[in-house]
Amino acid sequence: MDPRSLGAKCDECPLNNRKPVSSAFGAFPKAIVLGEGPNNMEEIFNEPLHPQGESGKIITKLFEGVGIMRSRLVILNAFSCRANFNEKEDVKIAATECCKPRLINELRYVIQRRPLPILALGKYASVALTNNKEIMNHMGPVTKGKIDNLEFEYLSTFHPNFIAKQPSYSPVMLQHFYRYIDYLNNKLPPWDWKDELYLPDKNMLDVLKYIKAHPNEQIGTDSETDGLLDPITNRHKKEFGKLKLLNVGFSTTDISVSVPWNIVENDPEFAEIKALTIDIVANHPNQVYQNADYDLPVWYKILGIKPAMPKHDTLIASRILNPEWKAELGFRCAFEFHVERWKTIFKMLGDVAGKNMVKHL
Ligand code: SF4
């Protein structure tokens, strides 16, 4: 079908001299896949994510691995015409915008018949659905969207083309893919946020006492400072003594506390909270650190303690397993809280509203 008849603004589009690739509408579809734009092979065979192409192969294999044949997929692209290999980002964003009415009409056609969530692959799929090109900050959770009165659900993740070039990211995409499949099968329960305490009051004191009294219970431990230190290279060693501890956080399966160090540090009213915080960091035998190679020397210098060695460290683990991953908080938020091990440790078994987690951090 001519994309113009579906609302595409081809006359305004920078790719308007190309041959549009038709979307693929599998019979009785079981999933909706939204890619970015077609490549050469897709253009020649007029099929998005063609199964002979690198990206199409990955997608076909993933879905067939969970029993969904390619013929049961709806496969759409954010923009229907091929961009040149080195096309600039603003050209692709402009094409995504011009092609959006066609995409929305196709999605409307499918979703009104079968309300399936969309697996959005890559930056331009994300731009089409959310106007947000920073997918690393919001990929992973199933999220609700609305465009032109069309309500839909989507899960953003990497494009398989990126995975083919950067295979070290494939475990992240796999996590997201299986979460999408779990959601399709109604096996992904809503995220259950824990209660959080930020004020050094009696409630915080009670939680700290509880943690102290339950050494066998696994807790998450983390801290924030007002500056950065690279303890491996010691690049900022001279500034080490000036680093200020802002807070120390503990997380049980039910509740989180964030001890505001700037408040409790020198106020005798909070001496018990301060002492318990130090005691837990120093002695609790069941801690999962979020970034021990940073926090251990910080606590040693600022709290004057030699902290208990962690049971596990999420950041170090991922560095060892996959040193190419970016050590950047927004990126980590996007997937770390969704990994099975993390959820098992803290008994959090789903996160439909997981995007809130990014806001929290
Ligand atoms: S990408 Fe979409 S809007 Fe642009 S020319 Fe092709 S069909 Fe038309």
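In the predicted model, Val33 touches Leu49, Ile59, Leu73, Val74, Ile75, Leu119 and Leu121, leaving aside residues up to four places away in sequence. Val33 belongs to the largest nonpolar core, which holds 46 residues. Within this core, Val33, Leu34, Ala78, Leu119 and Ala120 touch the most other members. Eight elements are worth naming here, since each gives two or more residues to the core: strand S2 (31-35), helix H2 (54-65), strand S3 (73-77), helix H3 (89-113), strand S4 (118-121), helix H4, strand S6 and helix H6 (170-184). A second core is separate and has 23 residues. Phe250, Leu276, Ile280 and Val288 are among its members. In soluble globular proteins, nonpolar side chains tend to be buried together. 

The chain as a whole has 14 helices and 12 strands. Of its 361 residues, 38% count as buried. Among contacts with a separation of 6 or more, 70% are made by residues 24 or more positions apart.

Strand S4 contributes to the largest core. Ile118 and Ala120 point one way from S4. Leu119 and Leu121 point the other way, and all of these residues are buried. S4 pairs with S2 in the parallel sense, over 3 bridges. In this pairing, Leu34 has Ala120 of S4 as its bridge partner. S4 is also joined to S6 by 4 bridges, and these two strands run parallel. Here Ile118 stands opposite Tyr154 in S6.

Tyr154 of S6 also stands opposite Thr143. Strands S5 and S6 run antiparallel and are joined by 5 bridges. They form a hairpin with 2 residues between them. Asp148, in the turn, has a positive phi of about 45°. Asn149 lies in the loop between S5 and strand S6 (150-157). Asn149 is not a glycine, yet its phi is positive, at about 65°. This residue counts as exposed, because it has 7 C-beta neighbours inside 10 Å. Most residues other than glycine have a negative phi.

Helix H4 is largely enclosed by the rest of the structure, because 7 of its 8 residues are buried. The buried residues are Lys123, Tyr124, Ala125, Ser126, Val127, Ala128 and Leu129. Their cover includes S2, H3, S4, S5 and S6. Just after H4, the backbone takes a positive phi of about 65° at Asn131. Asn131 is not a glycine either. Its place is in the loop between helix H4 (123-130) and strand S5 (143-147). With 12 C-beta neighbours inside 10 Å, Asn131 counts as exposed.

A further group of strands forms an open sheet. Its 6 strands follow the order S7-S10-S9-S8-S11-S12, with mixed pairing. Strand S7 (195-197) and strand S12 (312-313) are the edge strands, and each pairs on one side only. Strand S11 (residues 287-289) pairs with S12 in the parallel sense, over 2 bridges. Tyr289 has Asp313 in S12 as its bridge partner. Helix H9 (residues 271-283) packs on this sheet. H9 touches strand S8 (219-225), strand S9 (245-251) and strand S10 (255-260). The direction of H9 makes about 65° with that of S9. Helix H10 (residues 292-302) lies across S8, S9, S11 and S12. H10 runs at about 70° to S8.

The surroundings of the ligand comprise 14 residues. Pro3, Cys10, Cys13, Cys81 and Cys99 come nearest. By class, the shell has 11 nonpolar, 2 polar and 1 charged residues.

Methods. Residues are numbered from 1 along each chain as its sequence is written. This is a predicted model: local features need pLDDT of at least 70, side-chain atom pairs count only at pLDDT 80 or more; totals for chains, interfaces and linings use all residues. Two strands pair if DSSP finds at least two bridges between them. Two residues are in contact if their C-beta atoms, placed from the backbone, lie within 7 Å. Axes are lines fitted to C-alpha atoms, for helices over the stretch in contact, and angles run from 0 to 180 degrees between N-to-C directions. A residue is buried if 20 or more other C-beta atoms lie within 10 Å of its own, exposed if 12 or fewer, and partly exposed in between; C-beta atoms are placed from the backbone. A residue is near a molecule or strand if its C-beta atom, placed from the backbone, lies within 6 Å of it. Ala, Val, Leu, Ile, Met, Phe, Trp, Tyr, Cys and Pro count as nonpolar, Asp, Glu, Lys and Arg as charged, and the others, Gly among them, as polar. A nonpolar core is a set of buried Ala, Val, Leu, Ile, Met, Phe, Trp, Tyr and Cys residues joined through C-beta atoms within 7 Å.
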